[in-house]
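Trainee: Could you show me how to read a protein structure, one feature at a time?

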Amino acid sequence: MEIVVQSFPDCYAVGFLSWSVLESAELWQRALAHLQTSVDVPGFRKGKAPFDILEQRYEEMVKKEVEEIALREGVNRLRAEHNLVALYDYKLSSEVAKNASLRMVFYFGRDVVVHKGLEAIKLSSVEYEKVELTEKDIVEMVKRDLVEPKEITGKAEKGDVMHLLFKGRTDPVVVRVDDIPGKLVGKKVGDTVVLDWKEVGNLVFDVLEDVRQKGETEVQILKVLRASDVDINDESLYAKTPFQTKEKYIEFLKNVMQREIDTINHRHRVRALKEAVKKDLDVELSKGVFYDMVESRFKDWFFSHFKASVSMKEVLSDKKLPEDMLSMMTSVYDDLKFYYAMIDYAKKNGIEATQEMISRVVMRQASEAGEDYKDYVEKMTKEAWDNALAQAQFDAAVEKFMEKVTFKEKKVVGYYEFIQSEA
């Protein structure tokens, strides 16, 4: 068998295989031997029909069997000798015949190749945006958790609770905290405001029919409520919570919020690390992997641009659209490079995920799927397990690599300041 492999960018390769006349004849004999034991030929016991009879009656089946044997042998040789992993497709480039050479073309994907990985990058410090818990955050949490909002007559602010009456309706709609459209900020009880389709859709679904024709509707402010700064004493606190003292309650709040903040800061450090190394990484990966990732993110990207309140014509005429699309695809490419660089780092340094890390990944996947952890695990396929193990190994590699880096705070923001900026 002669083999010629031509490599292309993005982990793509084509293998050209040819069998000589003698090698093809040997494949033909093996195909006949297999067919002899698998078909029933009238007038002969199973497995005893002569080859010439099989050739006469089942020529097409023999050819198909020759093709299958050649396919298996070709794939095995290409994988073993040329590190070709995923078979995308193949085709015959010659006719299958008893006394003729055979030629086949194989289209393969190669393993991801890390030409320049994390070990080649010198990195001592990385700056990131840190979120911290402030006294203001604690006061705000206590206020939102315990203090009943009271009616005010002044101008509305973000964080207020509003009772709104839509035109043509009799029952008011209660709008809380950050759902309040910007048009309502600064308004008072009794004011009337015109809201468009998008703003109404953020508030309540059952009034959408009212604005279908005009694209907007009027709303009147009936009430504005605001949680005031009230000193909580131990007696009133114990009446509403299981905590006997304000100190214990606040300590509980701090612990709960700090755990969330720790998760946010870890995410920020990982993001900052990726930004610091992405330009220096040289990772060759397949277009198929890139396509799969782009496809998974495209839905979110699409609906962030093509909104119900904006026409497609208007979106497509936006000169920033190609730039936004390119930015999304570049982000996917950088994420994949960072991921495979970390997997490469893990393999080269013998880094394995702990059982706790694996369980954490599976729990996260079950939560994202909206399923019970136990039910999700029972339904996991081998491919799903392999993906979970790879993600856990990535997490382990990130933690290990981050031990080598000093993270510096380029900016510090309070928890609620950060939450509002993300909204």
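Mentor: Happy to; we will go through the sheet, the helices on it, some helix pairs and a few single residues. Keep in mind that this is a predicted model.

Trainee: Let's begin with the sheet. What holds strands together, and in what order do the four strands come here?

Mentor: The general idea is that strands of a sheet pair through backbone hydrogen bonds, either parallel or antiparallel. Here, four strands make an open sheet with the order β1-β2-β4-β3, and their pairing is antiparallel. At the edges sit β1 (2-8) and β3 (84-92), each of which pairs on one side only. From one strand to the next, the twist averages 20°.

Trainee: How many bridges join β1 to β2?

Mentor: Seven bridges join β1 to β2, the strand of residues 12-19, and the two run antiparallel. You can pick out partners yourself: V4 has F16 of β2 as its bridge partner, and S7 stands opposite A13 in β2.

Trainee: And what links β1 to β2 in the hairpin?

Mentor: Three residues lie between the two strands of that hairpin, and D10 in the turn has a positive phi of about 65°. Look at C11 as well, in the loop between β1 and β2. C11 is not a glycine, yet its phi is positive, about 55°.

Trainee: Is C11 buried or exposed?

Mentor: C11 is buried, because its relative accessible area is 0%, and buried means under 20%. You can compare that with N83, found in the loop between α3 and β3. N83 also has a positive phi of about 55° although it is not a glycine. With a relative accessible area of 45%, N83 is partly exposed.

Trainee: Which helices should I look for on the sheet?

Mentor: A useful general idea first: in a regular strand the side chains alternate between the two faces of the sheet. In this model, helix α1 (residues 21-36) packs on the sheet and touches β2 and β4 (102-110). The direction of α1 makes about 90° with that of β2. Helix α3 (residues 59-82) lies across β1, β2, β3 and β4, and runs at about 45° to β4.

Trainee: Now for helices that pack on each other. How do I describe such a pair?

Mentor: Two packed helices are described by the angle between their axes and the distance between the axes. Take helix α7 (residues 246-277) and helix α14 (residues 415-422): their axes are 12 Å apart, and they pack at an angle of about 55°. The two helices are therefore oblique to each other. The crossing of α7 past α14 is left-handed.

Trainee: Which residues of α7 and α14 make the contact?

Mentor: From α7 come M257, E260, I261, I264 and H268, while α14 brings Y415, Y416 and F418. Sorted by class, this contact has six nonpolar, one polar and one charged residues.

Trainee: At what angle do α10 and α13 cross?

Mentor: Helix α10 (residues 321-348) and helix α13 (residues 382-402) cross at roughly 80°, and their axes come within 8 Å. That angle is why α10 and α13 count as roughly perpendicular to each other, since the range for that word is 65 to 115 degrees. On the α10 side, F338, Y339, M342, I343, Y345, A346 and K347 take part; they meet A390, Q391, Q393, F394, A397, V398 and F401 in α13. By class, the residues of this contact divide into 11 nonpolar, two polar and one charged.

Trainee: Could we finish with single residues? Where is V361, and what is V361 in contact with?

Mentor: V361 lies in helix α11 (residues 355-369). Its relative accessibility is 1%, so V361 counts as buried. Leaving aside neighbours within four places in sequence, V361 is in contact with A388, Q391, A392 and D395. V361 and N387 are 26 residues apart in sequence, and their C-alpha atoms are 9.7 Å apart in space.

Trainee: And K337: is K337 buried or exposed?

Mentor: K337 sits in helix α10. At 8% relative accessibility, K337 counts as buried. Not counting residues up to four places away in sequence, K337 touches K278, L281, V283 and L285.

How values were computed. Residues numbered from 1 in each chain as written. Predicted model: local features only at pLDDT ≥ 70, side-chain atom pairs only at ≥ 80, totals over all residues. Heavy atoms only, no water. Axes fitted to C-alpha atoms, helices over the stretch in contact; angles between N-to-C directions. Parallel < 35°, antiparallel > 145°, perpendicular 65-115°, else oblique. Left-handed = near helix turned anticlockwise from the far one by under 90°. Contact = heavy atoms within 4.5 Å. Nonpolar A, V, L, I, M, F, W, Y, C, P; charged D, E, K, R; others polar. Pairing = 2+ DSSP bridges. Buried < 20%, exposed > 50% of the residue type's maximum accessible area, 1.4 Å probe, protein only.
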